[in-house]
Amino acid sequence: MSSTPRPATRTDTARVLGQVVLPTLAGGVLKRRPKVMALAGRLRLDRPAVRLLRRLRSRYGPDPVPLRIPRRSFALVLDAGDVERVLDRTPAPFAPATREKSAALSHFQPHAVLTTRGSERRPRRRFNEDALEWNHPLHAVAGAADTAVREETARLLAETGDRLDWPAFNRAWWRIVRRIVLGDGARDDDEVTDALATLRYHGNWAYLRPKDRGLRERFRRTLARHLDRAERGSLAGAVADTPAEPGVDPYGQVPHWLFAFDAVGMVTLRTLALLATHPVQAASARAEAGDAMGPSQLPYLRACVLESVRLWPTTPIVLRESTETTEWRTGNLPPETTFVVFSPFFHRDRERLPFADRFDPDVWLDGRAQQDPALVPFSEGPGECPGQNLALFTASTMLAALLADRDYRLLAPRTTARRLGSGRRLPATLDNFGLRFAVTKP
Ligand code: HEM
């Protein structure tokens, strides 16, 4: 076939850049910018993006739509079946290591599996899967992680009294993350995670910003000191125990784990906001939380967390770059085309999903969500998130600890608080940085 799928007009390309790509980049791809997130929430910036993609799908049909961008080939995926195809056929012909991701991650993590191409990808992926025990609901570190989460949550609640907000939550959260990833000995080492946060801000600018090699080297040395301790019950211990083939760079995989836990914290507090405004679901969650003794799978709370990531994906744009010519219904697209999957479009598609804009954890328990190939909060296929189970375990355990003997009322952001509990369609964005709760003992 020599034809290509019909490209978007210049005007439609400009709309996609302005309404889909720019708001995502402005919010910060690697490290969220709180002020932009708050503004996006107030202006409801994501809603027009979903509407625009719906219009494009009826105008151009289901094939990926090539965008008119000079010197580069980009195509917007608009069909649920094509999302499945692109993600299932990773890393060839659809490589996760796109130019944009490599430029962003090279600021602090040049050997990340996500940006590895060719034969080195497989051993790095295997190492991540093994060390993170990706297909086990409970990791070997679950016992120690459960203790860390419960201790830090109890301290947080004791310190904050009748109010809980993002800054207090976030301080406790990073103590938890450092204990789980690097061991109890790293609990108070803000420096290591602050350095990573700065490098991630730099990564937001990808190739537009020079690398700070001095800071990267300081971060690498501090991280290595913690990993050398290989503390039992932490992922540092798992790194030491997991065989690695030559070229894997085990320590070089850990920055991704640390920064990915940032998303888990955001999702945890958003889920608390959902539960604070949905009494029926909160009753089920609370019942499960009350029954939990030691590290547990907590299926209902996990479903709540998955639902929160479906509603507000923390990786809203998943990119894949083709390694060869790819064939579609109406024509071919050349090698080195970057395919853009904008997940909020599929996750909130009212034409396919009766539950699109509702908080309905049951869809993850009865299989409705898993049956849909385009519900991909943790991606899918050979490039799916190997930290998914660990993320779900940590978030659901913290929610269980928060809910065990406290009630929460969402106070801020005020418009969000009114909207979430109103029974109307859930908003397209939820600014986690602005969340504030009134806390009471039942
Ligand atoms: C709410 C929490 C999280 C979400 C929503 C999430 C989502 C995702 C998504 C969508 C991808 C695919 C990205 C792409 O293809 O461009 C991914 C990849 C990845 N995630 Fe996560 N993630 C989360 C937490 C974690 C955690 C806690 C870890 C590690 C401890 C982790 C480790 C990884 C790794 C190593 C990859 C790269 C996989 C590869 O390229 O094969 N993630 N994640």
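**A five-stranded sheet and its surroundings**

In this predicted model, phenylalanine 94 sits opposite serine 322 of strand β5. That pair is a good place to start, as it belongs to the contact between two strands: β3 (residues 94–95) and β5 are joined by two bridges and run antiparallel. On pairing with strand β8 (residues 337–342), β5 is again antiparallel, this time over five bridges, and here valine 318 faces valine 341 of β8.

Stepping back, the order β1-β2-β8-β5-β3 describes an open sheet of five strands with mixed pairing. Strands β1 (65–67) and β3 stand at the edges with a single partner strand each, so one side of each has no neighbour in the sheet. For β1, three antiparallel bridges lead to strand β2 (residues 73–76), where phenylalanine 74 is the bridge partner of leucine 67.

Strand β5 deserves a second look. In a regular strand, side chains alternate between the two faces of the sheet. Along β5, Ile317, Leu319 and Glu321 point one way, while Val318, Arg320 and Ser322 point the other way, and all are buried. Because six of the six residues of β5 (residues 317–322) are buried, the strand is largely enclosed by the rest of the structure. Helix α4 (residues 80–88) lies across β3, β5 and β8, and runs at about 60° to β5.

Finally, there is helix α18 (residues 388–403). Its 16 residues, at 1.5 Å a residue, should span 22 Å, which agrees with the 22 Å between its end C-alpha atoms. Helix α18 is also mostly covered, with 15 of its 16 residues buried.

Notes:
Residues are numbered from 1 along each chain as its sequence is written. This is a predicted model: local features need pLDDT of at least 70, side-chain atom pairs count only at pLDDT 80 or more; totals for chains, interfaces and linings use all residues. Side-chain values use heavy atoms; hydrogens and water are left out. Helices (H or I, at least four residues) and strands (E, at least two) are DSSP runs, numbered from the N terminus. The expected span of a helix is 1.5 Å times one less than its number of residues. Buried means under 20% relative accessible area, exposed over 50%, partly exposed in between (1.4 Å probe, protein chains only). Two strands pair if DSSP finds at least two bridges between them. Contact means heavy atoms within 4.5 Å. Axes are lines fitted to C-alpha atoms, for helices over the stretch in contact, and angles run from 0 to 180 degrees between N-to-C directions.
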